[in-house]
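Me: Hi! I'd like to go through this protein with you before I head back to the bench. Can you take my questions as they come?

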Amino acid sequence: MTAALADTTPVSTDWWLCDHCRRPVYAKRLARTGGVCPECGHHRRLSAHERLDQLLDPGSAEPLRMPHVTADVHSFVDTRPYRERLAEARDRTGLDDAAIAARGRVVGTDVAIVAMEFGFMGGSLSGGVGELITFTAEMALAERRPLIVVCASGGARMQEGLVSLMQMAKTSQALLALDEAGIVTVSVITDPVYGGVAASFATLCDVIVAEPGARMGFAGPRVIERTIGERLPENFQRAEFLLEHGQVDVVAPRGELRATLGRLLSALAPGERKGAESGGRDSVLLTDADEVPDLDPWQAVRLARNLDRPTTLDYVDLLVEDFQELRGDRIGADCPATVGGVGTLGGRPVMVIGQQKGHTAAALRERNFGMPVPAGYRKAARLMRLAAKAGIPVLTLVDTSGAYPGVEAERGGQAVAIAENLRLMSGLPVPIVSVIVSEGGSGGALGLAVADRVLALSNAVYSVISPEGCAAILWRDPEAAPRAARELGLHARALLARGVVDGVVPEPGDGAQSDHQEMAERLAAAVRPLLDELRELTADQLLAQRRARFRRFGGQPTAHRPVPER
């Protein structure tokens, strides 16, 4: 019996009974699916060796020798001596401890990888396992390889007492060193991951990918039920629950897992940069306000709100290759109005973040009408920090009437979330280009628009408040919205004349909604040269110019600014 089939029940040598759906499955068919039940999709447990075979390119694995660790430091005895339990686990699995490690490649990218073995004392975190993870992380640091950790564990190994507990801190420090060196880390969550593993390296990686149905949490469900005296939701702590609540980036079926990792690594791995693609159309960016059509501001507002205009995900589908969406704020939520992920634009890696509306009433409701909650800004901040760590530029696509003004948003710290993004973007050491693609509403828009270059589409609008809101407050008359729009100077021509945007991308025909493909190509033609130009600047140059750009608004010319008194 292989470990891939270890959580199934043998009916005969040729058939197995799925423990989830209780249907018999032909053993060879089960092997072809990598241990995924073809009837119900249940993902069975794989051994650590099978994990490496599944994820690494054929012939690329180079096993790492397990550092020698003195076991049984406390001569622990429960119903049996700890040394007997260790010997039994070693005989059964053929491993020294509950993890193995290797150098290898994933879809061509050199990696360091650790795979945990749940069959060895429940994959528990021992001094030996912690040492192997730390040793592998140090090797990844020395060789500048991304680190992948495939997690499967019930938590810290009780028999090793505080030595086991200290592995949480030790492995966390190892990941911190990789953070400081700009080396990307990925955690793969398989069923189950609990306790000290969930509360350390499993959730500290830059990207967390989970298999369908995998469970993860600090306390187990039975402990929680006994503590609170309530039944838990059916999918509590499962991968899908974790995705909805912002704890993981991706839920990837086993058959797609390797390709998912490949997309992530091709964009984020330091040594795998692609050159820019040659060709493409010339930029049509307008930098002189007199060249921008003098559109009636209220008409611009109505055009910007047209539901047929391309959304952020439309632009991503048309422009960004090998895009991998990343979800969640890692605190407890995932905002549907904010989307982001990595891919390539013109052959070069980029982090794309934007606000998402929709083309139908149902899609608008699903996306909260494009109005982000605090989790959206915190997700964006997390992705921007990841871009900075990986050294790739950020492209933001702004399309929101404003941040969501609800009770829960205020309770969650909406103002703080926006403010922290303004500060973060002011100091982010990689290029940032922001594009107002439709509506740019107040601070909710600015929370994604502190950038080196800010562009607007020719029918986009950008304002401190909506015309309707301005009319209601200042004119006390909602019918005054068209007049308010004119006074606010929110249309593209006025934005360029005032230096709020650095360029305007002309829209085709009757507007972006008339030809999504053409609009996307114009947008790419405008953005790509700017990113190439900004890539040539040092981090210090980027930050100096970005801060100077925003310093001038409402201030005096630089030469006439007073010197601050000491």
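Reply: Happy to; below we chat about confidence, helix packing, cavities and a couple of backbone details.

Me: Where does the model come from, and what is its average pLDDT?

Reply: This is a predicted model. Its pLDDT averages 92 over the protein, and 92% of the residues score at least 70.

Me: Which residues at the start have pLDDT under 50?

Reply: Residues 1–6 stay under 50. The model still gives that stretch 15 contacts beyond four places in sequence.

Me: And which stretch with higher numbers stays under 50?

Reply: That would be residues 558–566, where pLDDT also stays under 50. For this stretch the model has four contacts beyond four places in sequence.

Me: OK, on to packing. How do H12 and H21 sit against each other?

Reply: H12 covers residues 312–319 and H21 covers residues 516–535; their axes come within 10 Å and cross at roughly 75 degrees. An angle from 65 to 115 degrees counts as roughly perpendicular, so H12 and H21 fall in that class.

Me: Which residues make that contact?

Reply: From H12 you have Asp-314, Tyr-315, Leu-318 and Leu-319. H21 brings His-516, Gln-517, Met-519, Ala-520, Glu-521, Leu-523 and Ala-524. Sorted by class, the contact of H12 with H21 holds seven nonpolar, two polar and two charged residues.

Me: Is there empty space inside? How many cavities are there?

Reply: The count is four cavities of 30 Å³ or more. The largest cavity holds about 100 Å³ of space, and the second largest has a volume of about 70 Å³.

Me: Stick with the second largest for a moment. What lines it?

Reply: Its lining includes Tyr-315, Val-316, Leu-319 and Val-320, along with Leu-523, Ala-524 and Val-527. Leu-345, Val-352, Leu-395 and Leu-397 are in the lining too. H12, H21 and strand E15 (394–400) are the elements that give two or more residues to it. Tyr-315, Leu-319, Leu-523 and Ala-524 also take part in the contact of H12 with H21.

Me: How does that lining divide by class?

Reply: For the second largest cavity, the split is eleven nonpolar, no polar and no charged residues.

Me: And the largest one, which residues are closest to its centre?

Reply: The largest cavity is lined by 13 residues, and Glu-439, Val-461, Ser-463, Ser-466 and Pro-467 are the closest to its centre. Strand E16 (432–441) and strand E18 (461–463) are the elements giving two or more residues to this lining. By class, the lining of the largest cavity has six nonpolar, five polar and two charged residues.

Me: Pro-467 is in H18 as well, right where I was looking. What does Pro-467 help H18 meet?

Reply: Pro-467, Glu-468, Cys-470, Ala-471 and Trp-475 of H18 meet H19 through Ala-481, Arg-483, Ala-484, Ala-485, Glu-487 and Leu-488. The contact of H18 with H19 divides into eight nonpolar, no polar and three charged residues.

Me: At what angle do those two cross?

Reply: The axes of H18 (residues 467–475) and H19 (residues 481–488) come within 8 Å and cross at roughly 100 degrees. H18 and H19 are therefore roughly perpendicular.

Me: Which other helix does H19 pack with?

Reply: H19 also packs with H11 (residues 297–304), at an angle of about 100 degrees and with the axes 7 Å apart. That makes H11 roughly perpendicular to H19. Here Pro-297, Trp-298 and Val-301 of H11 meet Ala-481, Pro-482, Ala-485 and Arg-486 of H19. That contact has six nonpolar, no polar and one charged residue.

Me: Changing topic: which peptide bond is cis? I have Asp-191 to Pro-192 marked.

Reply: The bond from Asp-191 to Pro-192 is cis, with omega near -5 degrees. Pro-192 lies in strand E8, residues 185–194.

Me: Last one. What is the phi of Gln-237, and where does Gln-237 lie?

Reply: Gln-237 has a positive phi of about 70 degrees, although it is not a glycine. Gln-237 lies in the loop between helix H8 (221–228) and helix H9 (239–244).

Conventions:
Residues numbered from 1 in each chain as written. Predicted model: local features only at pLDDT ≥ 70, side-chain atom pairs only at ≥ 80, totals over all residues. Heavy atoms only, no water. Axes fitted to C-alpha atoms, helices over the stretch in contact; angles between N-to-C directions. Helix = DSSP H or I, 4+ residues; strand = E, 2+ residues; numbered from the N terminus. Parallel < 35°, antiparallel > 145°, perpendicular 65-115°, else oblique. Contact = heavy atoms within 4.5 Å. Nonpolar A, V, L, I, M, F, W, Y, C, P; charged D, E, K, R; others polar. 1 Å grid on protein atoms, 1.4 Å probe; cavity = no way out; pocket = protein on both sides within 12 Å on 5 of 7 lines; lining within 4 Å. Points joined across faces, edges and corners; volume = space filled by probe spheres on them. pLDDT = per-residue confidence, 0-100.
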